[in-house]
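Reader: Hey, got a minute? I'm new to this one and would like a quick tour.

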Amino acid sequence: MTTYDWPKVDQQDLHSRRFARVAAMMREADVGSLILVGPDNIRYATGFRAHLTNESEWFTAVVDSDGQAQIFVPYTDEVYFDPYPDMPWIRAVHPLPSWAPITANPVTWVRSLSAVLQSSVTRIGVDGLDMGLVNLLQDELPARPIVSVSTALQRIRREKDPLEHTLLRAASRVNAGAMQAALAAAAVGCTDHDILAAAMQFQQAAGAEFVTHSVCNVRNGSGDWF
């Protein structure tokens with residue numbers, strides 16, 4: 001397999017449908033802003049594709065109740081305003097310390113987010129954020145209560161939109177093909193690495209997204225990423 005015909009989905013339409021549900025959740029939870037660190041939650045609320053990694057706290061999104069978002073990323077050293085013409089609701093990207101979980105740089109992270117959140121006059125909702133960071137942020141913004149919305153986000157995400165059904169079917173076909181490629185590669189004398197390589201070759205040729213810092217320990221006891 002060298003190509004895959006992914007379905008054409010209007011990403012702005014998908015974002016509008018998703019954020020309508022996020023906005024309703026925010027009203028019900030009585031929060032005026034969200035702080036999101038999970039890549040799936042960031043994508044759901046903003047359409048921005050944060051890296052898929054098992055260390056979820058590399059990126060941060062601050063999202064207001066009207067859908068305006070600011071993203072904190074590890075690959076720039078300055079602020080860029082209106083960075084994505086096809087996603088005008090993302091107003092800016094801000095720098096974070098490069099290629100490290102935010103828990104490794106808590107003071108820098110809190111100061112960066114506090115500067116953006118100073119205008120928030122209501123409660124702030126967070127997803128699966130490290131409690132040490134929550135406490136530091138609450139100390140910095142004592143007049144703005146911080147509450148968890150993790151369960152509420154999971155509940156709205158578990159009911160799928162028809163556009164999401166289309167994407168799920170496509171992704172499932174690619175993953176099923178990868179499993180078939182892995183089974184075909186399995187033979188006496190082959191290694192875990194051989195089987196994973198066959199599956200990953202299929203997925204990457206089809207244009208699947210890359211998951212980093214994760215998955216399988218191969219070759220030696222210290223653990224190579226695959």
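Author: Sure, starting with the pocket: the largest pocket holds about 1400 Å³ of space. This is a predicted model, where local features need pLDDT of at least 70, side-chain atom pairs count only at pLDDT 80 or more, and totals for chains, interfaces and linings use all residues. Residues are numbered from 1 along each chain as its sequence is written, and side-chain values use heavy atoms, leaving out hydrogens and water.

Reader: Which residues are closest to the centre of the largest pocket?

Author: R43, R49, L52, A171 and E209, out of 41 that line it.

Reader: And which element gives the most to that lining?

Author: α6, with 9 residues. Elements giving two or more are α1 (11-29), α2 (39-46), α6 (162-185) and α7 (192-206). Helices here are DSSP runs (H or I, at least four residues), numbered from the N terminus.

Reader: Switching topic, at what angle do α1 and α2 pack?

Author: About 105°, with the axes 7 Å apart. So α1 is roughly perpendicular to α2 (the label covers 65 to 115 degrees).

Reader: Which residues meet there?

Author: From α1, H15, R18, F19, R21 and V22; from α2, R43, Y44, A45 and T46. Contact means heavy atoms within 4.5 Å. By class, that's 4 nonpolar, 2 polar and 3 charged residues.

Reader: How many salt bridges does the structure hold?

Author: 8, each a side-chain nitrogen of Lys or Arg within 4 Å of a carboxyl oxygen of Asp or Glu. One of them joins R18 and E164, whose closest N and O atoms are 2.8 Å apart.

Reader: Where do those two sit in the chain?

Author: R18 is in helix α1 and E164 in helix α6, 146 residues apart, so the pair links distant parts of the chain.

Conventions. 1 Å grid on protein atoms, 1.4 Å probe; cavity = no way out; pocket = protein on both sides within 12 Å on 5 of 7 lines; lining within 4 Å. Points joined across faces, edges and corners; volume = space filled by probe spheres on them. Axes fitted to C-alpha atoms, helices over the stretch in contact; angles between N-to-C directions. Parallel < 35°, antiparallel > 145°, perpendicular 65-115°, else oblique. Nonpolar A, V, L, I, M, F, W, Y, C, P; charged D, E, K, R; others polar.
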